Amino acid sequence: MTTLPAPLRRIMADGLFTDLKAMVIDTTGMAFYADKDEELARILHERLAETGVADCAAYLDMLTDGSTGAAEMDALVAELTIGETYFFRHKEQFDALREIVFNDVIERNRGVRRLRIWSAGCATGPEPYSLAIMLTRDFGMRIAGWDISIVGTDINSKFLARAREGRYDDWAFRSVPDDIRRDCFDKNGKHWIIKSEFRRFVTFQHHNLIKNKFPSILDDLTNFDVIICRNVIIYFSKETIQGLIPSFRESLTEGGWLVMGHAEPNAELFRDFRAINTAGAVLYQKSEAREARPTIGAPAPAAQGKAQAAVPPIPFDAPLSFLPKKNGRGREAPPRPAAPVVPANPPAVAGQGGGSGAERVRELADGGSWEEALRACDDLLVGNALDARTHFYRSLILEQIGDAKESEKAVRRAIYLDRRLVLPHYHLGVFLWRRDDAQAAARSFRNALTLLDGVSEDHVVSDGDEITAGQVREAIETYLKLIGAA
Ligand SMILES: C[S@@+](CC[C@H](N)C(=O)[O-])C[C@H]1O[C@@H](n2cnc3c(N)ncnc32)[C@H](O)[C@@H]1O
């Protein structure tokens, strides 16, 4: 057993050591230090030596002094915090961000052409820069000209200074494919410096999750589409975490996503979110519905009773947006056309008109003017109440507006009026699946598949954008697998 050096023993025996410990935990949230006396004593010993202060009492005075306190607390925090980080840390989470989160928010924000992301507890910056690299490389075409902001915040000013520098050694790339390092960084001696095109969205600012309230308009920490806070709250107490989660939720836009580290999900604490479990990642979506979904790879709910669940949420208005690109240029999908998708003309059926009225509806929907688009649909129905296509448009628009009940009625009406349209069956399937009515969802998906029987992969099933029979089949197969009905 090693004996502690005398100066450390002296600090730990100091009557005010406990007060200092309480102050550290209160300021940083790092309850981690509650049972780490030796580690804390070591850090305090270094600070005492550095500042020339004699004991805990004098150091406490220094920390509470109006002129020296803030700077010394900053120096102490720089020693207390643990900044372990690297690029694309925990690949499964980045896969989930790419396939689910970014596809969803980019699709939903195409009207406003804006994306706001917060990396809370970003350390020296690899996390926000990884997000910028992924957005640029995998979604570049879809977000060209958008107002993108990725803000990295941390309590440790030294980490932030290094993050702004954007200079990293090999170790920071330990789980990064060589091509990313080569394409996104410039070599400088033993270091790699992030290229300007991958840092242009990224800013850094000091922020203490415990002491600086959020959401905050003043700090511009509000209205985020995505908040990522990984490997930060693991050092905090349960009570502290309980206090932070509602603040994260309030800092998100409706439908926004909170991504925590893979080791920290605690379903109970996140019950106000919709939880999506994917392989190696749990995502939390701010949603009024606050429902839990079934888990990918888990037995179908029917076989598992009240099984937990998860799936790629496919935006109702963009049913295929999650599909990986297969255009020979990597995974990036072609830019998705704006909602709503037009019902399919199955091969056996001629186009059903729609004309300029339908185009107007599309235009309004594309611009995010949902109420107007709905009125335009209603106007169209006055002239032709039996037009299945218009009812389907209406269903998609109602979904956007948040009227799920009317939306479902409208999609059913579209199917009733013309059973040969593929996409209404598909959308009804998504609808029912979301409601956990797996059997009925599988039926709807199969109806759509039957209509596609014998149709070539490339056949375009939607006349307003380029959704092909192959894509619809692929999407349906994914759902059927999730349901356990493939
Ligand atoms: C282990 S790093 C995680 C870095 C990055 N998120 C990742 O997963 O790769 C934890 C970071 O949380 C920061 N941190 C700790 N307490 C904090 C607080 N109260 N407010 C803001 N950041 C804090 C630390 O300074 C450190 O940089």
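Which order do the strands take in the open sheet of 3 strands? The order is β3-β5-β4, and the pairing is antiparallel. The model shown is predicted. The views below begin with this sheet and then move on to other parts.

**View 1. The open sheet of 3 strands, β3-β5-β4.**
The edge strands are β3, residues 167-168, and β4, residues 185-188. Each of these edge strands pairs on one side only. Strand β5 covers residues 191-194 and runs antiparallel to β3. Their pairing has 2 bridges. Arg167 stands opposite Ile193 of β5. β5 also pairs with β4, again in the antiparallel sense, over 4 bridges. Here Ile193 is the bridge partner of Asp186. Ile193 thus appears in both pairings, facing Arg167 and Asp186.

**View 2. The hairpin of β4 and β5.**
The hairpin has 2 residues between its strands. Gly189 takes a positive phi near 60 degrees here.

**View 3. The open sheet of 7 strands.**
The strands follow the order β6-β2-β1-β7-β8-β10-β9. Their pairing is mixed. Strands β6 (202-206) and β9 (273-278) stand at the edges. Each has a single partner strand, so one side of each is left without a neighbour in the sheet. From one strand to the next, the twist averages 20 degrees. Strands of a sheet pair through backbone hydrogen bonds, either parallel or antiparallel.

**View 4. The pairing of β1 and β2.**
Strand β1 spans residues 114-120, and β2 spans residues 147-154. The two pair in the parallel sense. They share 7 bridges. One residue pair to find is Leu115 with its bridge partner in β2, Ile148.

**View 5. Helices α6 and α11 on the sheet.**
Helix α6, residues 91-108, lies across β1, β7 (224-229), β8 (252-260), β9 and β10 (281-286). Its direction is at about 175 degrees to β8. Helix α11, residues 238-250, packs on the sheet as well. This helix touches β1, β7, β8, β9 and β10. The direction of α11 makes about 135 degrees with that of β8.

**View 6. The ligand and the residues around it.**
There are 21 residues around the ligand. Thr28, Thr85, Gly121, Asp154 and Asn231 come nearest. By class, the shell has 8 nonpolar, 8 polar and 5 charged residues.

**View 7. Nitrogen atoms of the ligand and their polar contacts.**
A backbone N or O atom of Gly121 lies 2.8 Å from a ligand nitrogen atom. At Asn208, an N or O atom in the side chain is 3.0 Å from a nitrogen atom of the ligand. At Arg230, a polar backbone atom is 3.0 Å from a nitrogen atom of the ligand. On its own, the ligand has 590 Å² of accessible area, and the protein covers 99% of it.

**View 8. Two loops with special backbone geometry.**
Most residues other than glycine have a negative phi, and most peptide bonds are trans. Ala123 has a positive phi, near 55 degrees. This residue lies in the loop between β1 and α7 (126-139). Phe214 and Pro215 are joined by a cis peptide bond, with omega about 0 degrees. Pro215 lies in the loop between β6 and β7.

Conventions
Residues are numbered from 1 along each chain as its sequence is written. This is a predicted model: local features need pLDDT of at least 70, side-chain atom pairs count only at pLDDT 80 or more; totals for chains, interfaces and linings use all residues. Side-chain values use heavy atoms; hydrogens and water are left out. Two strands pair if DSSP finds at least two bridges between them. Axes are lines fitted to C-alpha atoms, for helices over the stretch in contact, and angles run from 0 to 180 degrees between N-to-C directions. Contact means heavy atoms within 4.5 Å. A residue is near a molecule or strand if one of its heavy atoms lies within 4 Å of it. A polar contact is a pair of N or O atoms within 3.5 Å; within protein, one must be able to donate a hydrogen and the other to accept it, and residues adjacent in sequence count only if both atoms are side-chain atoms. Accessible areas come from the Shrake-Rupley method with a 1.4 Å probe; for residues, only the protein chains shown count as cover. Ala, Val, Leu, Ile, Met, Phe, Trp, Tyr, Cys and Pro count as nonpolar, Asp, Glu, Lys and Arg as charged, and the others, Gly among them, as polar.
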